[in-house]
Amino acid sequence: MIRQIFEKCYRYNIELHNIFVDYSQAFDSVNRNKIIDCLTKYKVPKILIKLIGLTLTNTPAKLKIGNQLTNKFRIVSGVKQGDPLSATLFSIVIDNILKQLDLKGNISTRIKQFSSYADDILITTRTMHSLVDTFQKLKAILVQVGLNINEHKTKYLRCRMKQHKMDGIDIIQTHLEEVKSFTYLGSTVNGNNSIQEEINGRISLGNKAFYANQVLFKSKLLSKKSKLRMYQTLVRQTSGNIRL
């Protein structure tokens with residue numbers, strides 16, 4: 001979806017300003033009381049809220065250092081790692097944050113847009129002023145739920161036809177580095193609408209997977225059918241399929 005947005009705006013010479021937001025220890029920092037508040041806002045049945053609350057409140061823990069345990073302490077923030085419910089609870093909090101910003105529609109009809117998948121958020125706007133304003137509002141709301149933006153991993157990407165000097169941007173005492181390309185959800189996007197880097201990367205992954213298993217592919221003990229199934233599973237699935 002992100003690639004299609006960049007492609008269509010590039011085709012019609014629409015300049016885009018993008019910030020790929022990264023959090024500092026997102027799943028460990030989210031405020032547990034805010035999670036319960038969000039569940040209430042979403043009208044989740046009270047019995048479920050109560051059961052979830054029991055798993056999030058008054059949670060004791062100890063650290064094991066060597067063969068000794070520390071004194072008991074309580075965990076008051078974050079969702080439980082490995083719990084199947086954790087990702088859902090975190091997503092509900094993020095969804096509530098985005099709804100507070102009231103950004104309905106998309107970049108084709110509005111001047112700004114959010115794209116979100118779990119804790120990976122992308123802010124896309126047509127103007128720098130709108131980008132700064134949206135980032136400031138998002139950061140203020142994130143602080144309220146216990147989340148902090150990781151300045152070193154949050155990047156700024158400008159999409160335009162003409163070449164430009166890369167300086168980065170400064171927002172609320174936060175400096176964001178400007179990059180030529182960014183890997184978002186495993187796919188590389190860039191400001192000049194080229195997918196050559198993505199293609200080369202996937203070919204490289206496919207080659208690595210093939211040569212790591214070339215002994216099996218050359219084996220005379222395996223049938224051709226088995227080798228084809230291995231190729232589809234080990235090589236094609238690793239390199240992925242890209243739509244040109």
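**Surface, salt bridges and internal spaces of the predicted model**

At a relative accessible area of 59%, Asn-58 counts as exposed, and the residue is found in the loop between α4 and β2 (59-61). In this structure, which is a predicted model, the phi angle of Asn-58 is near 50°, a positive value in a residue other than glycine. Most residues other than glycine have a negative phi. A second residue of this kind is Lys-43, whose phi is near 60°, again a positive value in a residue other than glycine. Lys-43 lies in the loop between α3 (32-41) and α4, and with a relative accessible area of 75% this lysine is exposed. Both residues therefore belong to loops that adjoin α4, Lys-43 in the loop between α3 and α4 and Asn-58 in the loop between α4 and β2, and both count as exposed, the cut-off for that class being over 50% relative accessible area.

Helix α4 also carries a nonpolar feature of the surface. Ile-47, Leu-48, Leu-51 and Leu-54 form a nonpolar patch on the surface, and together these residues have about 400 Å² of accessible area. Leu-51, one of the members of this patch, has its place in helix α4 and is partly exposed, with a relative accessible area of 46%.

The interior was examined for enclosed space, and the count comes to 1 cavity of 30 Å³ or more. About 50 Å³ of space lies in the largest cavity, and the lining consists of Thr-55, Leu-56, Val-79, Lys-80, Asp-83, Leu-85, Ser-86 and Leu-89. The elements that give two or more residues to this lining are α4 (46-56) and α5 (86-101). By class, the lining of the largest cavity has 4 nonpolar, 2 polar and 2 charged residues. Among the pockets, the second largest has a volume of about 270 Å³. Its lining is made up of 14 residues, of which Gln-163, His-164, Lys-180, Gly-191 and Asn-192 lie nearest the centre of the pocket. When sorted by class, the residues that line the second largest pocket comprise 4 nonpolar, 5 polar and 5 charged ones.

Side chains of opposite charge can pair when their charged atoms come close. The structure holds 6 salt bridges, and a local example is provided by Glu-7 and Arg-11, whose side chains meet in a salt bridge at 3.2 Å, N to O. Because Glu-7 and Arg-11 are 4 residues apart in helix α1 (residues 2-11), about one helical turn separates them. Glu-7 is partly exposed, with a relative accessible area of 34%.

Other salt bridges join separate elements. The side chains of Glu-15 and Arg-160 meet in a salt bridge of 3.8 Å, N to O. Glu-15 lies in the loop between α1 and β1 (16-21), whereas Arg-160 lies in the loop between β8 (155-159) and β9 (169-171), so the pair ties together parts that are 145 residues apart in sequence. Glu-15 is partly exposed at 27% relative accessible area, and Arg-160 is likewise partly exposed, at 24%. A further salt bridge is formed where the side chains of Glu-177 and Lys-155 meet at 2.6 Å, N to O. Glu-177 is placed in strand β10 (residues 174-178) and Lys-155 in strand β8, so this pair ties together parts that are 22 residues apart in sequence. The two partners differ in accessibility class, since Glu-177 is partly exposed, with a relative accessible area of 41%, whereas Lys-155 counts as buried at 14% relative accessibility, a value that falls under the 20% limit for that class.

Buried nonpolar residues were also considered in relation to residues distant from them in sequence. Leu-142 has its place in helix α6 (residues 128-144) and, at 1% relative accessibility, counts as buried. Leu-142 and Tyr-23 are 119 residues apart in sequence and 9.4 Å apart in space, C-alpha to C-alpha. Ile-107, found in the loop between α5 and β6 (112-117), is buried as well, with a relative accessible area of 5%. For Ile-107 and Thr-124, the separation is 17 residues in sequence and 7.5 Å in space, C-alpha to C-alpha.

Methods:
Residues are numbered from 1 along each chain as its sequence is written. This is a predicted model: local features need pLDDT of at least 70, side-chain atom pairs count only at pLDDT 80 or more; totals for chains, interfaces and linings use all residues. Side-chain values use heavy atoms; hydrogens and water are left out. On a 1 Å grid over the protein atoms alone, a cavity is a set of points where a 1.4 Å probe fits but cannot get out, and a pocket is an open set with protein on both sides within 12 Å along at least five of seven lines; lining residues have an atom within 4 Å of a point. Grid points are joined across faces, edges and corners, and a volume is the space filled by probe spheres set on the points. Ala, Val, Leu, Ile, Met, Phe, Trp, Tyr, Cys and Pro count as nonpolar, Asp, Glu, Lys and Arg as charged, and the others, Gly among them, as polar. A salt bridge is a side-chain nitrogen of Lys or Arg within 4 Å of a carboxyl oxygen of Asp or Glu. Buried means under 20% relative accessible area, exposed over 50%, partly exposed in between (1.4 Å probe, protein chains only). Patches are made of residues with over 30% relative accessible area and no salt bridge: like charges are joined within 9 Å, nonpolar side chains (Val, Leu, Ile, Met, Phe, Trp, Tyr) within 5 Å. Accessible areas come from the Shrake-Rupley method with a 1.4 Å probe; for residues, only the protein chains shown count as cover.
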